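Me: I would like a close look at how the helices of this chain pack and which of their residues are hidden. Please keep to what can be read from the coordinates.

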Amino acid sequence: MSGLQKKRLVLYADDDVEDIAFVREALKHGANDIELITFADASDLLKFSRMSARGGIFPCLVMLDINMPNLNGKEALFVLREIDGYSSIPAVLFTTSTMPSDVAFAERHGAELITKPLNAQQMDLIVDRLLQHCGNGVKNSD
């Protein structure tokens, strides 16, 4: 196998820097071929998505926190589905919410709702679930 390996792109918008760091660390340990690009605001994720779509570059997964100022994750998901090429990209609403209305919203818009974990052990299980959206890649063995 060549030394150059194509990275799978994951986009993640969350206004909580601790949550971003937690996800970044967990993904790093979950697979070594993931490139995580994070955004503190969903509007920035949407701008990036429009630009990358024009260049024919698409992520294997988009993660959105529901509760963000300015533009929340549900609003962003609705807009994201209108961007050319993004209608079928796997999306996850990553949230502390367990509201049935949020679950129903996610299902209506072709997304999965995953509740944010309380600890690293729960996060490891969630990372495996997240990476399933990206297909088969190179999993870390540690």
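Reply: What follows goes through the helix packing, then a strand residue and some backbone angles. The model is a predicted one.

Two packed helices are described by the angle between their axes and the distance between the axes. Take α2 and α3 as the starting point. Helix α2 covers residues 42-54, and α3 covers 73-80. Their axes come within 10 Å and cross at roughly 15°. An angle under 35 degrees counts as roughly parallel, and α2 and α3 are therefore roughly parallel to each other. The crossing of α2 past α3 is right-handed. On the α2 side the contact is formed by A42, L45, L46, S49 and R50, and on the α3 side by A76, V79 and L80. Sorted by class, this contact of α2 with α3 holds six nonpolar residues, one polar and one charged.

S49 deserves a separate word. It is a residue of α2, and its relative accessibility is 0%, so S49 counts as buried. With neighbours within four places in sequence left aside, S49 is in contact with L11, L80, I83 and Y86. L80 is also among the α3 residues in the contact with α2.

The pair α1 and α5 is arranged in another way. Helix α1 runs over residues 17-30 and α5 over residues 120-132; they pack at an angle of about 65°, with their axes 9 Å apart. That angle makes α1 roughly perpendicular to α5, since the class of roughly perpendicular spans 65 to 115 degrees. The crossing of α1 and α5 is right-handed. From α1, the residues F22, V23, A26, L27 and G30 meet A120, M123, V127 and L131 of α5. By class, the contact of α1 with α5 has eight nonpolar residues, one polar and no charged ones.

Helix α4, residues 100-108, has D102, F105 and A106 buried. These buried residues lie on the same side of α4, because they cover an arc of only 100° around the axis. An α-helix has 3.6 residues a turn, so residues three or four places apart point the same way. The face of α4 turned away from that buried side carries P100, E107 and R108, which are exposed. The cover over the buried residues of α4 includes α3, β4 (91-95) and β5 (111-115). Thus α3 appears in the cover of α4 as well as in the contact with α2.

A strand residue can be set beside these helices. L9 lies in strand β1, residues 8-13, and counts as buried at 11% relative accessibility. Not counting residues up to four places away in sequence, L9 touches E35, I37, F48, I57, F58, P59, C60 and L61. The C-alpha atom of L9 is separated by 14 Å from that of L64, a residue 55 places away along the chain.

Two backbone angles remain. Most residues other than glycine have a negative phi. N70 has a phi near 70°, a positive value in a residue other than glycine. N70 sits in the loop between β3 (61-65) and α3, and N70 is exposed, with a relative accessible area of 73%. A positive phi, of about 65°, is also found at G110, just after α4.

Key
Residues numbered from 1 in each chain as written. Predicted model: local features only at pLDDT ≥ 70, side-chain atom pairs only at ≥ 80, totals over all residues. Heavy atoms only, no water. Axes fitted to C-alpha atoms, helices over the stretch in contact; angles between N-to-C directions. Helix = DSSP H or I, 4+ residues; strand = E, 2+ residues; numbered from the N terminus. Parallel < 35°, antiparallel > 145°, perpendicular 65-115°, else oblique. Left-handed = near helix turned anticlockwise from the far one by under 90°. Contact = heavy atoms within 4.5 Å. Nonpolar A, V, L, I, M, F, W, Y, C, P; charged D, E, K, R; others polar. Buried < 20%, exposed > 50% of the residue type's maximum accessible area, 1.4 Å probe, protein only. Arc of directions from axis to C-beta.
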